[in-house]
Protein chains: 4
Amino acid sequence: MRKVYSLQIQYPEQTREFNSRLTKTGRRSLSHSISQSSTDSNSSGDSDAENLEDEVSPRDRLQINFKGNKDFCVKNIKLADYGRQEIELAEDEMTALMALRKSAQGEKPLAGAKIVGCTHVTAQTAVLLETLMVLGAQCRWAACNIYSTQDEVAAALAEQDFPVFAWKGESEDDFWSCIDHCVNVEGWEPNMILDDGGDMTHWIYKKYPHLFKKVKGIVEESITGIHRLHHLSKAGKLCVPAINVNDSVTKQKFDNLYCCRESILDSLKRTADVMFGGKQVAICGYGEVGKGCSAALKAMGSVVYVTEIDPICALQACMDGLRLAKLGDVVSQVDIVITCTGNKNVVLREHMDLMKNGCVVCNMGRSNTEIDVTSLRTPELAWQHVRAQVDHIIWPDGKRVVLLAEGRVLNLSSSTVPIYVLSITATTQALALIELFNAPEGRYKQDVYLLPKKLDEYVASLHLQTFDAHLTELTDDQAKYMGLNKYGPFKPSFYRY
Amino acid sequence: MRKVYSLQIQYPEQTREFNSRLTKTGRRSLSHSISQSSTDSNSSGDSDAENLEDEVSPRDRLQINFKGNKDFCVKNIKLADYGRQEIELAEDEMTALMALRKSAQGEKPLAGAKIVGCTHVTAQTAVLLETLMVLGAQCRWAACNIYSTQDEVAAALAEQDFPVFAWKGESEDDFWSCIDHCVNVEGWEPNMILDDGGDMTHWIYKKYPHLFKKVKGIVEESITGIHRLHHLSKAGKLCVPAINVNDSVTKQKFDNLYCCRESILDSLKRTADVMFGGKQVAICGYGEVGKGCSAALKAMGSVVYVTEIDPICALQACMDGLRLAKLGDVVSQVDIVITCTGNKNVVLREHMDLMKNGCVVCNMGRSNTEIDVTSLRTPELAWQHVRAQVDHIIWPDGKRVVLLAEGRVLNLSSSTVPIYVLSITATTQALALIELFNAPEGRYKQDVYLLPKKLDEYVASLHLQTFDAHLTELTDDQAKYMGLNKYGPFKPSFYRY
Amino acid sequence: MRKVYSLQIQYPEQTREFNSRLTKTGRRSLSHSISQSSTDSNSSGDSDAENLEDEVSPRDRLQINFKGNKDFCVKNIKLADYGRQEIELAEDEMTALMALRKSAQGEKPLAGAKIVGCTHVTAQTAVLLETLMVLGAQCRWAACNIYSTQDEVAAALAEQDFPVFAWKGESEDDFWSCIDHCVNVEGWEPNMILDDGGDMTHWIYKKYPHLFKKVKGIVEESITGIHRLHHLSKAGKLCVPAINVNDSVTKQKFDNLYCCRESILDSLKRTADVMFGGKQVAICGYGEVGKGCSAALKAMGSVVYVTEIDPICALQACMDGLRLAKLGDVVSQVDIVITCTGNKNVVLREHMDLMKNGCVVCNMGRSNTEIDVTSLRTPELAWQHVRAQVDHIIWPDGKRVVLLAEGRVLNLSSSTVPIYVLSITATTQALALIELFNAPEGRYKQDVYLLPKKLDEYVASLHLQTFDAHLTELTDDQAKYMGLNKYGPFKPSFYRY
Amino acid sequence: MRKVYSLQIQYPEQTREFNSRLTKTGRRSLSHSISQSSTDSNSSGDSDAENLEDEVSPRDRLQINFKGNKDFCVKNIKLADYGRQEIELAEDEMTALMALRKSAQGEKPLAGAKIVGCTHVTAQTAVLLETLMVLGAQCRWAACNIYSTQDEVAAALAEQDFPVFAWKGESEDDFWSCIDHCVNVEGWEPNMILDDGGDMTHWIYKKYPHLFKKVKGIVEESITGIHRLHHLSKAGKLCVPAINVNDSVTKQKFDNLYCCRESILDSLKRTADVMFGGKQVAICGYGEVGKGCSAALKAMGSVVYVTEIDPICALQACMDGLRLAKLGDVVSQVDIVITCTGNKNVVLREHMDLMKNGCVVCNMGRSNTEIDVTSLRTPELAWQHVRAQVDHIIWPDGKRVVLLAEGRVLNLSSSTVPIYVLSITATTQALALIELFNAPEGRYKQDVYLLPKKLDEYVASLHLQTFDAHLTELTDDQAKYMGLNKYGPFKPSFYRY
């Protein structure tokens, strides 16, 4: 999810669409809502809804909002009040996006934009969607994941005449039908796409090629979606400029370095309940995620060993006071092994055979390939499910290895994504849409772009306010001396931060 | 010296050459030798030399080495033994460069290379020069700085028939004469340039344009030299590919982040002799240098405030637990102010008027522009020179502000550059020469290039050995999964480390 | 719970016994079991037991173990197998206590000891109890808390003929009856007491004064119990030596500094779900708990302010790089306020009136006095219960203050106590019992003692093994030079660690 | 010097007096002045004095100050102006002591005190001496070290009619003569002693036993002096109460933990000029000094191994994330070895035989016993003196071990003591004198006492002001709840901070 170099991963066309919906279940950007408000709220708010109307699919029920509008499809429009409350709480916390909404609402930079979107439908994304509307856009929306929709939030959006087609527990057929409802409207043609996974983009590309050609720009959030865009681009079939918002500096640092610095501790405590002080830990990979995990565990009094393939990252580990080793050389002495490589087969059965009793193994990297869990499903090893996310694998001699989340990404399931991170993502998406929609002819060609540095800087500046942080402004004289525009961008493209 | 964006600085052509020699006096890459072995050694080793032969300029004396060769010009060939000892000590410490020498000496990748060089002439560069020879190159060398030559090292090189033209205390005329001696040789035409400051390059460009056209490549070390190359390039006059070794990842991280993390403490202790614990410190600028200084002082128990103009760096400061403020808002409460911006007029008289008694002010950035020292040279303020590098500026009410190094870059004068950093520089230079000399037609055009990432990684891997650090190697299967070559490069060009 | 100076707290006799049982509900030493194994296991293991036998009190049911013994009173003897499994898992983790068991089982240092105990009855204490038996003691046991007993563990003990009288959900009458069952036995008189809260001690003191006089020693775990012993001692009524195991160095450091360093992060994440990076935090009190909390939050990128009344601790905060302030001066700018003082009325309504929207307030100190929660129960403030342990207090202007655990000690309810800490406690208790039981006449008078330093050191050495840590041993010559016994104690009593 | 347990060291009576003067040359409390102002000033200020009057001993020259007084003996009274300037600079920096002077000058708590003192005579102690006078005392003073006197400061004191008998470069005979001049005065009998090393105390005890009996109290600074007092006490010959100011909390933490955290880095840079990042370091001993050194090096990116004999300190090292090992097991892999044990023969020849090329060895502990330097003085090893404080020991195979300060305490010679630490010492001494002089009959018996905690707290509070730190005050209600006096002391005697 976070490795830049994975842009080059082989990703066979035919399996992609099928997988994307399934694997997206665990995508990080939704986990905040799932583990917090959504579950809580559903269990209370949904209760009668579920009882009364669960048997009938939302597709087969006609619902009308208070204003008489019926251009939406949600679980239960009656949940709108409760959803509105959730959205208002989220507005409170997403101060940067709200500041953007406020500052640009006069200008209406998205007037004329007709955006079709396919993202998680949660309180946080609702704040984004309503911001897009305030800035002048018309929108139609579907969920990018069949499980992640907060039904009360969808209802609240629908109540405000926002055409949303999403509910928790869609079937595969529902999923594509909802997407199609966004695009296939008489007298309305989308000119912008906001996508998270590439399903909306590909649906239009395949089913409505005449519409695809008219689109002004695509903003894509996920690594999977970016792969698919690069694929199209290489095949010469991308006729639209796209912005990859995933690799913006601000998002990357927060999603990976800063967020993992906190979530590794949180995830390990909630699952394995270990004490960190004095523990020996092997961290495989010293990219942003590995750096975050190492910093946190070192600070908590663990002794950290790092494995790396890249000598530059390896040298950074050394200068940060960590021992660089091969996994095989330290695996028999460590108490915890954490993978953060984005690669596959990093922790093998031969490593786990060497682990000491009680050693904890988990994955903070990408997907579920890093630990060879398959090798543990053999007759001589017993599996004991101890708690949610925790299995003991028991060797014939009684040795137990503690496997977390069955080798899937740990902090997706065992921690929450801070609102702050979600806010950075949403603000970045909004700015990318504005940029693509308003860019003068010729600024963007039919290719996949990174977020312009100036916008990256703007996202950061909006989020500084939370910290009561005060930026310094260049004087004219200083700007001239540095050869910079006074208002940025402040760094060359290759600057490493 | 270290700001990437300073590539765009206005640098009027006519003042450049004059300044470059003067300001280079304080260049960092020489300070290790100056403050350590060189001074010590000169005071002992030079003693009779100075007495006997100081009056006569080396240019006017004929010296012959043991083998009867006289194609060199040094202070005193008799110092050779002592210099050889220094070189051998340096070889001991520059294990990465020696490893490169050893691994490539069979292959002789520089066979046919005729390199003219202009760098500091110290024990560490001698190890580089002799490495170039072992790898097959013919070389002729001058000093890039009129003060930095270690005379005994130059003698030792000359004794080995290495044509070196350099001594400590050259006049301006000597300086250009030495450079000319490198180029202007009958029957020998240079085809590579290794430069530190651009003087050799410009001498050939101006005086020997026919030779300049035949050069295969230029390796330039300094920011000043890189400016000059960009200037040529923009003017369409750069007919040779050049590699900017200054901005390689490895060099940048060591020169700035890791080196400053240590040298800020060292420099402050040696000059102001402050206790760090409990002190409040304002650090202006949160680039690599500011990050290094902040990390060190925070670790020593100081309370650190950061000022920044770039919101992304500012957000990093926040996430690192530092308060982001404007200088004016905290200057009256802090005990130490450190500039690391590369900009000018960052600390103004109005700030210093607000400082409390005993506040220490210093510059870890670039050149001497960051603190407005000129504003302190007014009649109402008294200057008291307390120690080397330490002045007390006394306000009419008795308040003292402690100014270090008169506002010039502090760690140039008050700390030493670790051998490790010099070793990274030298190894990078050697690899850049090999790359340019052996690159197939068409790989490099007439432009200024960054060091190819694969070589950057190679430099790092050579230096890992010192730390007893063990890299992991990708399996074929993993490399395929990641879409990577097994031996690197491992990251896309925009990776931020 | 952890403040040494609270030894001097006024604690009116008449309210003590009543309170002690109620407040002990939240005592830390049980929270590991409660939040982890116990709850999980009960929900599975207890299920039929609860259905079948929940209506009848264990006191009114006759149960017989497999060996035909009925000298016990537990919820359901059939849970024994499940409990044994829990105990075995705990044995695996409490390596230090098991090492003690193994090394002393030959010697049987507790042969002849008749111990009555009143502690939590959990898997971890079961390992202690069975260790005492292996070392030769006879024991009878009750629970010190009406809610904390793991019924399956009690069953497993009973199955092994260990006379235990404890179940989850005792009434107050049950509670005293169980205690009485331990003491009031024909033909058996206790000579040692292991207590946690002082209830067993006081029961014997009041009800069986003739037995009290024959007791050889008391080991008391809790601060409350130690207060009560000091009370007796001052009144001249303590006719038995007692050891205060709470204030041993090893226990204190682990219970407070090291444990809180981890549990503050864990507790805040699980409840308030805040991101720590960039947050401003006020920590009231810089004792061991405050030091642990500060270190953790500083490491996670928070800006920490400390309040203190003691200038020495205050100076430590300064030297650790924290700003020392009065709460009133920073409360309007911070994002989180944490109390760690052991005092009362530290955070007042006037402070909370100044807090900004979203400020989180919590207590890591002792009892529930630190935050003036009562002042928040007024008509103009609305309380919104958001999640377990989380209430939003809403001011008339809409400002929300996030109150955690209603002001009670946060990590009691929202985190777990690492096994490692429980192991240190149990090992310390065992050693204190051995020491008191075997001490030569006259070593201990009728007073309350700290654990002898040599035993403190021994506990530490037993726990070092987990970390694969290797101690150095003094040579005879070195021991002589230092004036030390080769095997300790190594420090004078006033050494501060 | 700093180990508490060294109280029990065997210290044969007959060698003590002879040694004390010699070894005290390197005592830390003087090194600030030596390495900074003193050397600088002497080289300038002393120049003509030395030329003119160096041949004649001050004892043989009659000098008269401006007021006509001649009751003093200094090198050159003419240096008084220069010395006054130095004292004034010191006053500026010793704000806590000056605050004490100011607050107590009205009360004159030392009125009637007749103090004889024997300490270093530097600008900082001059601020103390003049404070004692302002507080009402009469004083007579000698130097405790034959090399450490700042002659210009002594002159400045003499010029103000302060009877001082001290100069730089005293002979042994001079030394005792000066001490005798303080005591042996007609019509004046001392009633208080301020001592640093015990020489004044023993001189009076032996030569003027009748005076000794009349003394009200002794304040002793050094560990050596405290040994001697304990010796007297054990022998039943101490007829005077004494306060050991060395072991006060504030002084200990600053002298050892906080000061060494900074001086280890400073000392290593100035001597061995190593880069810390990535280095492996063995630190022998994890007391306050070892804790300070470890914290600093870990923060700078070193990998730290700790050796310990005390399991409690060992466990602390583990929880701080350091690997605990035996020296023999890691010595062949580390780059730096630092001793901090206070013991002898910690680093043996057998360890040094195993070290790798370039390994740095140094001592931050006590005296020169920790590294077995004698074992290196054998024919097969060559010594090469590289720089001040740096020797290379060369093994037959060419391996070099870098020995710093010939194994003597490193930061005594290669770093400076911050003024802040000197200020804490001086303030503590003044308060101890006031306490002993004013204590009601019976508070102190004929024994050696630690500084009362309340005074320790007062010293801390005076020093907080430098940090703009704001203490919180207990309310009456809170004080009552805690059972504390509102103004301290705040902790029981065994509190560990």
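How many C-beta neighbours inside 10 Å does Glu406(C) have, and does that count as buried, partly exposed or exposed? I began my notebook with this question, and I kept in mind throughout that the model is predicted.

**Entry 1: two residues with positive phi**

I looked up Glu406(C) and found 17 C-beta neighbours inside 10 Å, so the residue counts as partly exposed, since a buried residue needs 20 or more other C-beta atoms within that distance. I then noted the backbone of Glu406(C), where phi is positive at about 50° although the residue is not a glycine. Its place is the loop of chain C that runs between strand 14 (400–404) and helix 17 (410–414).

I turned next to Asp273(D), which is likewise not a glycine and has a positive phi of about 55°. I located Asp273(D) in the loop of chain D between helix 12 (249–271) and strand 7 (280–284). Is Asp273(D) buried or exposed? I counted 21 other C-beta atoms within 10 Å of Asp273(D), and therefore I wrote it down as buried.

**Entry 2: cis peptide bonds**

Which residues does a cis peptide bond join in chain C? I found that the bond lies between Gly488(C) and Pro489(C), with omega at about -5°, and that Pro489(C) sits in the segment after helix 20 (476–482) of chain C. In chain B I looked at the bond from Gly488(B) to Pro489(B), which is cis with omega near 0°, and I placed Pro489(B) in the segment that comes after helix 20 (476–482) of chain B.

**Entry 3: helix 4 in chains A and B**

I checked the length of helix 4 in chain A, residues 80–93, and its 14 residues reach 20 Å from the first C-alpha to the last, close to the 20 Å expected at 1.5 Å a residue. Which residues of helix 4 of chain A are buried? My list holds Ala80(A), Gly83(A), Glu86(A), Ile87(A), Ala90(A) and Glu93(A). When I viewed helix 4 of chain A down its axis, these buried residues fell within an arc of 130°, so they line one face of the helix.

I repeated the check on helix 4 of chain B, also residues 80–93, where 14 residues at 1.5 Å a residue should span 20 Å, and the end C-alpha atoms are indeed 20 Å apart. For the buried residues of helix 4 of chain B I wrote down Ala80(B), Tyr82(B), Gly83(B), Glu86(B), Ile87(B), Ala90(B) and Glu93(B). They cover an arc of only 160° around the axis, which means that they sit on the same side of helix 4 of chain B.

**Entry 4: helix 11 of chain C**

I took helix 11 of chain C, residues 223–234, and compared its 12 residues, which should span 16 Å at 1.5 Å a residue, with the 16 Å between its end C-alpha atoms, and the values agree. Among the residues that I found buried in helix 11 of chain C are Ile223(C), Ile226(C), Leu229(C) and Leu232(C). Just after this helix I came to Gly236(C), which takes a positive phi of about 75°.

**Entry 5: chain A as a whole**

I counted 20 helices and 15 strands in chain A, and I noted that 60% of its 497 residues are buried. Of the contacts in chain A with a separation of 6 or more, 75% are between residues 24 or more positions apart.

I also consulted the UniProt record, an unreviewed entry, whose annotation "domain: S-adenosyl-L-homocysteine hydrolase NAD binding" covers residues 256–417 of chain A. Over residues 256–417 I found the chain to be 32% helix and 22% strand, with the end C-alpha atoms 11 Å apart.

**Entry 6: how chain A meets other chains**

How many residues of chain A are in contact with chain C? I found 22 residues of chain A in contact with 22 residues of chain C. On the chain A side, the elements that give two or more residues are helix 2 (31–45) and helix 12 (249–271), and helix 12 gives the most, with six residues. I sorted the residues on this side of chain A into nine nonpolar, five polar and eight charged.

Finally I superposed chain A on chain B, which takes a rotation of 180° with 0.0 Å of shift along the axis and leaves an RMSD of 0.1 Å. That is the relation of a two-fold axis, and in chain A the C-alpha nearest the axis belongs to Arg496(A), at 2.0 Å from it. I noted that 100% of the interface residues of chain A are also interface residues in chain B, so the copies meet through the same surface.

Methods:
Residues numbered from 1 in each chain as written. Chains lettered and ligands numbered in written order. Predicted model: local features only at pLDDT ≥ 70, side-chain atom pairs only at ≥ 80, totals over all residues. Helix = DSSP H or I, 4+ residues; strand = E, 2+ residues; numbered from the N terminus. Expected span 1.5 Å × (residues − 1). Buried ≥ 20, exposed ≤ 12 C-beta atoms within 10 Å, placed from the backbone. Arc of directions from axis to C-beta. UniProt positions renumbered as here; feature names shortened; annotations may be inferred. Contact = placed C-beta atoms within 7 Å. Nonpolar A, V, L, I, M, F, W, Y, C, P; charged D, E, K, R; others polar. Least-squares fit on C-alpha atoms with pLDDT ≥ 70 in both.
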